[in-house]
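Here are some short exercises, each with a worked solution. Have your viewer open and try each task before reading on.

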Amino acid sequence: MKRDRIRGLSVIGLIVLLFLGPLFLENYYIHLAVLVFIYVMLTSSLRTIYISGQMSLGHAAFMAIGAYTSAMLAKHLGWTPWCTMPLGGIAASIGGVLIGFPFSRLRAIYFSMASLFFGIMVTTLVGLAPELTGHYTGLQRIPLLFGFPKVPYYYFFLIVTLLTLLILYRIEHSRIGMTFKSVSQSHLAASSRGINEAGIRILALGVGTFFAGIAGAGYAHYAGFIAPATFGVMPSIFLVVYLLAGGKGSFAGPIVGATILYLLPFIMREFQGYAPFFQAGLLIAVIFVIPEGMVSLPRQTVSWIRRLREHRRQPYAS
Amino acid sequence: MAAQIAGHLINVLMTSSIYVLVALGFALVFGVMRIMNFAHGAIYMIGGFVCYNFWVPVGLGAWISLALTMLVMGMFGLFIERFCFRPFQRDFEKATVMAIALVIILKTGADLTVGPLGKSMPPLVAGSINAGGVIFGADRLVVLLIACVLLTGLVLIIQKTNVGQAMLAIAHDPDAASLMGVNTNRISALVCATGCGLAGLAGGLVGSVLVLHVSIADVMLVKIIGVVILAGIGSIGGVWAGGLVMGALDALCPYFLSNVVSDPLGLALVVLILVIRPQGFFGHEM
Amino acid sequence: MLLRTVGLTKHFGGLAAVSQVDLDIEEGQIVGLIGPNGAGKTTVINLISGFLRPTSGKIIFDGKDVTGKKPHLRARMGMGRTFQITPLFGEFTTFKNIVASFYLSADTSLWGSIFNTRTHRKKEEYTLSQAEENLQLVGLDAVRDELAKNLPHGHQKVLDLAGALAVKPKLLLLDEPIGGMSQDEIGLALNAIRKVHAQGTTILLVEHNISIVMNLCDRVIVINYGKKIAEGSPEEVRCSEEVIRAYFGGDYAA
């Protein structure tokens with residue numbers, strides 16, 4: 001259990017560091033941190049849907065539903081963002097549940113295709129009420145949460161992300177999480193044990209999309225501006241890339257994946273344009289070399305080193 | 001009135017034929033290699049720019065450029081089959097991830113080399129046709145004819161030659177086919193090369209009629225996945241039907257209904273088919 | 001009458017896989033369902049458990065008409081089953097497979113899961129202890145930490161049985177529970193089946209191994225070409241002309 005204690009302590013240490021962050025970081029990095037928090041929320045919630053056996057290729061669309069719902073309610077009806085953000089999450093969740101009814105009984109590949117198309121469809125809906133939604137150019141002057149100083153946003157998103165991760169963690173390690181994983185492994189076994197497969201899948205969708213909606217709503221009231229391009233096909237695909245590269249099999253996977261891959265372009269500064277090459281490269285490396293994702297890298301290197309040492313000692317042992 | 005219908009018909013047929021040209025490559029790769037090539041839209045887009053480069057800066061003119069584009073993109077198809085897809089033949093998940101990595105690389109490459117500007121080539125054939133009051137460019141008709149010729153040729157090859165039959169065999173049952181002595185690797189390479197060549201050529205054709213831009217990769221990818229879903233995942237013969245429906249929707253909707261509705265409508269139709277009849281019009285259950 | 005089927009029929013296209021089958025199974029019985037290969041036995045089980053929709057006919061379980069109901073609803077009513085092709089939660093360990101199968105005994109509320117309420121914890125403890133019992137009952141304690149997908153075939157079948165028991169079934173449908181097992185594994189499985197029956201569970205058993213069926217069952221039903229051709233005690237059935245003809249052909253009858 002020593003490993004668990006080390007892990008627990010390092011998580012706490014990390015959280016403490018995160019809370020102290022703004023003391024050391026300049027505005028630009030605080031801005032980046034906020035975005036990382038948002039993408040961690042998105043990728044982790046995508047994983048919650050994934051563990052029930054559904055690979056959603058339209059997750060960014062639910063971020064959009066949350067963002068637009070919250071932004072439009074706040075801007076056009078004058079409601080406070082503190083009210084509209086949860087509503088954005090609920091709207092996204094309702095959307096998730098609604099598409100769950102027809103989609104969750106589809107087989108994996110058909111579900112992915114359906115979610116892909118649904119995701120694109122959502123972004124085109126802005127055309128239905130251009131005056132309200134700002135059409136393809138985007139919705140401007142969305143009421144902000146805290147005005148202009150960045151630091152309050154940092155703490156806000158830090159806390160919301162930590163809460164999200166806590167809830168998702170609890171769900172995954174509870175009976176519900178076990179049921180998600182059961183359903184993804186065997187249709188027959190699950191049904192014969194009394195599990196309502198479609199219902200469980202819809203639940204997973206509802207939970208995952210809720211947090212995507214919250215992330216989206218938060219983003220809207222941080223950036224003050226949203227446009228359909230932020231939520232289309234490629235953003236959804238990139239969320240999947242973050243999840244796969246980070247490690248789809250573990251809870252920390254999406255966190256690692258989102259952080260590293262999202263920050264990559266910013267780390268590369270002037271070579272930003274080349275960043276996607278590295279992201280793709282990481283993805284390829286993952287499929288070839290570390291199928292369980294970057295999060296398994298420490299463990300894998302340890303076992304490689306161990307194997308190398310053994311081989312050195314007894315090169316011809318079988 | 002009749003002229004208007006003729007004009008619309010040409011538009012529908014032209015749009016559909018382009019969709020079918022590109023979607024067929026995608027469907028073939030999926031049917032024979034069991035891989036969902038997400039990079040197919042990017043290949044179409046890159047083909048367009050490759051053609052532009054042969055045509056305008058290098059100055060080779062229309063027909064040579066188109067032929068060269070088909071060749072170059074075909075060879076590219078061989079390359080990606082060998083190094084990107086063959087290692088993952090039986091692993092659908094990994095192959096799809098590889099395709100995603102590929103599309104990211106291709107699109108980024110395009111972003112960096114071509115940039116955000118649009119490029120366009122002069123029309124294949126100058127002049128316009130006046131069909132009883134409706135005027136449209138003659139080049140559209142030529143594009144349609146070229147597409148039809150190619151598609152007919154492809155259909156004939158698939159149905160009449162050994163190679164084509166081998167493709168169908170592998171699509172039906174890869175193990176049985178290889179037991180019968182079919183060289184699946186070579187056929188896969190051929191299929192991928194053909195698919196990419198056709199997609200690249202389609203890009204070139206479109207570039208002479210409309211404007212090329214890096215964003216057309218995404219748009220086309222969505223369209224052809226839609227076409228393939230309508231046709232039925234796994235069906236190759238049904239692609240013409242899917243292409244026709246999609247082409248009709250795209251060509252007619254903005255005109256008869258509002259522009260706003262046409263986008264979501266096409267997508268909603270695909271979603272509907274997925275929900276009601278996942279095998280599409282002609283597909284078999286996966 | 002715990003289970004009754006009336007005129008149970010299933011057509012696949014033109015083929016009648018099951019035709020007008022009437023079954024009556026009383027509480028506490030062990031009933032065997034036998035017949036030559038392809039007779040339709042598994043189809044009958046699939047129809048009763050809800051994994052197939054009958055073309056016509058009714059299924060009445062525990063006094064209620066379950067004909068249209070989805071399999072998970074029938075499981076909740078107390079119908080458990082095993083499968084010929086063992087479906088397992090492959091990535092879970094043996095023990096976790098059983099724990100996961102205790103879904104119906106657990107607290108599945110979102111609130112309970114997130115906040116780890118007392119109810120949630122209590123129910124999880126309960127399912128853990130029940131799963132432990134099941135594990136011991138079927139004798140898989142030795143491999144409890146093995147991944148289910150790595151288990152030998154026979155062990156997987158026993159695990160399937162343990163999972164089926166987790167729904168606390170009134171009626172247990174066993175589809176070839178000992179197919180492909182080694183002698184030891186067969187011993188384990190029969191032991192478990194006997195214990196379960198002794199606890200009061202009604203069992204409908206599809207099995208190829210005639211001697212086991214004759215040994216274990218109170219009543220035997222014989223099916224051929226989708227139709228019921230004989231029914232009665234093991235001795236009656238063994239001597240029945242129809243049955244002999246079905247298995248060995250006309251020359252051996254009489």
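**Exercise 1.** Work out what share of the contacts in chain A between residues at least 6 apart in sequence join residues at least 24 apart, then describe the fold of chain A.

*Solution.*
Step 1. Count two residues as in contact if their C-beta atoms, placed from the backbone, lie within 7 Å. Among chain A contacts between residues at least 6 apart in sequence, 76% link residues at least 24 apart.

Step 2. Before going on, note that this is a predicted model, where local features need pLDDT of at least 70, side-chain atom pairs count only at pLDDT 80 or more, and totals for chains, interfaces and linings use all residues. Residues are numbered from 1 along each chain as its sequence is written, while chains are lettered from A and ligands numbered from 1 in the order in which they are written.

Step 3. List the elements, taking helices (H or I, at least four residues) and strands (E, at least two) as DSSP runs numbered from the N terminus. Chain A has 14 helices and zero strands.

Step 4. Check the dimensions. The radius of gyration, taken over C-alpha atoms, is 21 Å for chain A, close to the 20 Å that the globule rule (2.2 Å times the number of residues to the power 0.38) gives for 318 residues, so chain A is as compact as a globular protein of that length. Along its principal axes, the C-alpha trace of chain A spans about 75 × 55 × 35 Å.

Step 5. Look at burial: a residue is buried if 20 or more other C-beta atoms lie within 10 Å of its own, exposed if 12 or fewer, and partly exposed in between. By that test, 52% of the 318 residues of chain A are buried.

**Exercise 2.** Find which chains touch, and characterise the side of chain A that touches chain B.

*Solution.*
Step 1. Two pairs of chains are in contact, and chains A and C share the most contacts. Chain B and chain C do not touch, with their nearest C-alpha atoms 17 Å apart.

Step 2. For the contact between chains A and B, chain A brings 27 residues and chain B brings 25. Helix 5 (108-124), helix 11 (233-246) and helix 13 (275-288) of chain A each supply at least two residues to the chain A side. Helix 5 gives the most, with nine residues.

Step 3. Sort the chain A side by type, with Ala, Val, Leu, Ile, Met, Phe, Trp, Tyr, Cys and Pro as nonpolar, Asp, Glu, Lys and Arg as charged, and the others, Gly among them, as polar. The result is 23 nonpolar, four polar and no charged residues.

**Exercise 3.** Lay out the sheet of chain C and place its helix 1.

*Solution.*
Step 1. Strands pair if DSSP finds at least two bridges between them. The open sheet has four strands in the order 2-1-4-5, with antiparallel pairing.

Step 2. Strand 2 (15-25) and strand 5 (64-65) of chain C stand at the edges with a single partner strand each, so one side of each has no neighbour in the sheet.

Step 3. Helix 1 (residues 41-49) of chain C packs on this sheet, touching strand 1, strand 2 and strand 4 of chain C. Its direction makes about 115° with that of strand 1 (axes are lines fitted to C-alpha atoms, for helices over the stretch in contact, and angles run from 0 to 180 degrees between N-to-C directions).

Step 4. Five bridges join strand 1 (residues 3-12) to strand 4 (residues 56-61) of chain C; here C:L3 stands opposite C:F61, and C:T5 opposite C:I59.

Step 5. Seven bridges join strand 1 to strand 2 of chain C. These two strands form a hairpin with two residues between them, and C:G13 in the turn has a positive phi of about 65°.
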